[in-house]
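User: Hi! I have a protein model open on my screen and would like to go through its contacts and pockets with you. Shall we take it one question at a time?

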Amino acid sequence: MINRDGQNGSAAETAFASMLALGADGGLTVAIKDCLDVAGHTTRCGSAAYADAVPALTNSAVVDRLLDAGCRIVGKTRLHEIAYGMTGVNAFEGTPVNPRWPNRIPGGSSSGSAVAVAAGSVDFAIGTDTGGSVRQPAVCCGVIGFKPTFGRVDHRGALPTASSLDCIGPLARTIDMIDRAMEMIAPDYRTETLTSAPRLGWLATDETDDPEMIEAHLALSLAGMVTRAVHLPDLDDAFRAGMAIIARETLDANRTLLEAGAPFGMDIRLRLEGARAISDAVLAAAEEIRGTFTQSVDDCLSEFDVIVTPALPQAPPLLSEASDPAKVLPLTRYLRPFNLSGHPAIVLPAVTSTGLPSGIQLIARRGSDARLCAVARWLCDHHSIFSDLRGEA
């Protein structure tokens with residue numbers, strides 16, 4: 001099999017934990033991250049700790065919506081174990097191969113979903129995003145990833161069952177397909193079209209970012225598309241607060257299995273054990289930062305339709321570098337804070353001057369998901385960097 005990017009089928013095959021054939025023949029083809037329940041199938045979460053769990057009795061809400069919309073669900077995708085990691089490297093199930101940059105990580109945790117889309121195996125895929133887990137692998141693999149407003153997409157039937165950060169969202173090769181996916185999984189979503197140029201607030205960057213990774217971000221400013229530069233001085237505080245909250249909530253979701261000696265991978269076990277150090281006081285401080293950061297983003301968006309940031313501050317690491325925290329931890333610097341605040345965010349991929357994966361991120365007011373995608377479409381229509389992301393080709 002040859003996919004749309006000219007790669008052989010091997011990369012595409014690595015995206016899937018299991019193959020399915022659910023729904024209507026001839027419908028849009030969809031891949032589902034294997035932390036979402038499908039009736040009759042075990043939700044393995046990419047982990048030996050969940051491999052022998054009782055099969056789900058019912059579909060997750062998002063799976064039911066897709067089937068009701070006439071989609072064809074073709075498989076469940078691999079992920080970073082228990083959706084708690086950014087590389088997509090998985091010793092238990094195997095690591096999906098990044099179709100365009102096979103020597104680099106596919107990203108995580110929705111690694112298989114991004115790979116399935118990038119390989120052309122499906123029309124779109126569904127992932128989950130707790131700290132950048134849809135958007136970061138999307139950029140790593142060169143596709144679009146969308147994190148809706150927190151709570152916009154029904155979370156029932158997703159693991160973890162309780163999270164103050166996690167959002168279900170689509171990955172696709174075009175903005176039009178993102179809109180179609182959102183109309184299916186969020187019943188109140190209505191695609192919008194802009195009638196005038198949007199007001200773009202351009203987040204100022206600093207010298208810690210890799211110059212190549214901010215090429216696309218700078219291009220918008222050089223093209224005169226941004227209104228002015230803006231600052232979010234508590235961005236890094238919000239990043240750290242998001243890290244603390246996800247650690248505590250992931251531990252809470254897996255504490256019983258951990259204490260029973262379940263066979264988590266060593267990296268995940270160490271992270272879960274380390275999360276025991278997140279005290280109630282640390283969590284309370286993180287929640288205070290959530291409030292102040294959310295307000296600062298709201299204040300900024302009172303002047304602009306969207307805030308534009310780089311997608312990544314540094315290049316996705318090589319697979320050989322995936323165990324190096326210095327290469328991995330900074331990757332969600334611009335992504336994770338908006339899980340904390342709950343604002344919708346979308347990433348548009350780009351390729352740097354030397355051929356590396358990069359892109360930009362757009363953030364909009366909470367609840368303005370369709371307007372955010374309309375702004376993304378406008379950018380695709382008006383800037384050559386993103387022109388290939390517009391239609392349904």
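User: Which residues are linked with Asp-176 in a network of salt bridges?

Analyst: Happy to help, and please keep in mind that this is a predicted model. The structure holds 26 salt bridges. Some of them join up into a network, and Asp-176 belongs to it. Its partners there are Asp-179, Arg-377, Asp-381 and Arg-390.

User: Are Asp-129 and Arg-135, which meet in a salt bridge, buried or exposed?

Analyst: Their side chains come together at 2.9 Å, N to O. A residue is called buried under 20% relative accessible area. Asp-129 has 0% relative accessibility, and Arg-135 has 0% as well. Asp-129 is therefore buried, and Arg-135 is likewise buried.

User: Arg-248 meets Asp-252 in a salt bridge; about how many helical turns separate the two?

Analyst: The N to O distance of this salt bridge is 4.0 Å. Asp-252 is partly exposed at 43% relative accessible area, whereas Arg-248 counts as buried at 16%. Both sit in helix H7, which spans residues 235-259, and they are 4 residues apart, so the separation is about one helical turn.

User: Arg-248 also meets Asp-280; how many residues apart are they?

Analyst: The side chains of Arg-248 and Asp-280 form a salt bridge at 2.7 Å, N to O. Asp-280 is exposed, with 56% relative accessible area. Arg-248 belongs to helix H7 and Asp-280 to helix H9, which makes this a link between distant parts of the chain, 32 residues apart.

User: How are the rings of Phe-293 and Phe-338 arranged relative to each other?

Analyst: A search of the whole structure finds 1 aromatic pair. The ring centres of Phe-293 and Phe-338 are 5.6 Å apart, and their planes meet at 55°. Planes under 30 degrees apart would count as stacked and over 60 as edge-to-face. The angle lies between these limits, so the pair is tilted.

User: Which helices does that pair tie together?

Analyst: Phe-293 is buried, and Phe-338 is buried too. The two rings lie in parts of the chain that are 45 residues apart in sequence. Phe-293 is in residues 280-301 and Phe-338 in residues 337-341, so the parts tied together are helix H9 and helix H11.

User: Which residue lies over the face of Tyr-84?

Analyst: Here a charge sits over a ring, and the cut-off is 6 Å from the ring centre. The distance to the centre of the Tyr-84 ring is 3.6 Å, and the residue lying over its face is Arg-271.

User: Which residues are closest to the centre of the largest pocket?

Analyst: About 500 Å³ of space lies in the largest pocket. Its lining is made up of 22 residues. Helix H8 (266-274) and helix H10 (325-328) each supply at least two of them. Closest to the centre are His-80, Thr-87, Asp-267, Arg-271 and Ala-322.

User: How many residues in that lining are nonpolar, polar and charged?

Analyst: The lining of the largest pocket can be sorted by residue class. The counts are 13 nonpolar, 6 polar and 3 charged.

User: One last spot: is Ala-53 buried or partly exposed?

Analyst: Ala-53 is in the loop between strand S2 (29-33) and helix H2 (61-68). Its C-alpha atom is separated by 9.5 Å from that of His-41, 12 residues away along the chain. At 33% relative accessibility, Ala-53 counts as partly exposed.

Conventions:
Residues are numbered from 1 along each chain as its sequence is written. This is a predicted model: local features need pLDDT of at least 70, side-chain atom pairs count only at pLDDT 80 or more; totals for chains, interfaces and linings use all residues. Side-chain values use heavy atoms; hydrogens and water are left out. Rings of Phe, Tyr and Trp (its six-membered ring) pair if their centres lie within 6.5 Å; planes under 30 degrees apart count as stacked, over 60 as edge-to-face and the rest as tilted. Buried means under 20% relative accessible area, exposed over 50%, partly exposed in between (1.4 Å probe, protein chains only). A charge sits over a ring if NZ of Lys or CZ of Arg is within 6 Å of the ring centre and within 35 degrees of the ring normal. On a 1 Å grid over the protein atoms alone, a cavity is a set of points where a 1.4 Å probe fits but cannot get out, and a pocket is an open set with protein on both sides within 12 Å along at least five of seven lines; lining residues have an atom within 4 Å of a point. Grid points are joined across faces, edges and corners, and a volume is the space filled by probe spheres set on the points. Ala, Val, Leu, Ile, Met, Phe, Trp, Tyr, Cys and Pro count as nonpolar, Asp, Glu, Lys and Arg as charged, and the others, Gly among them, as polar.
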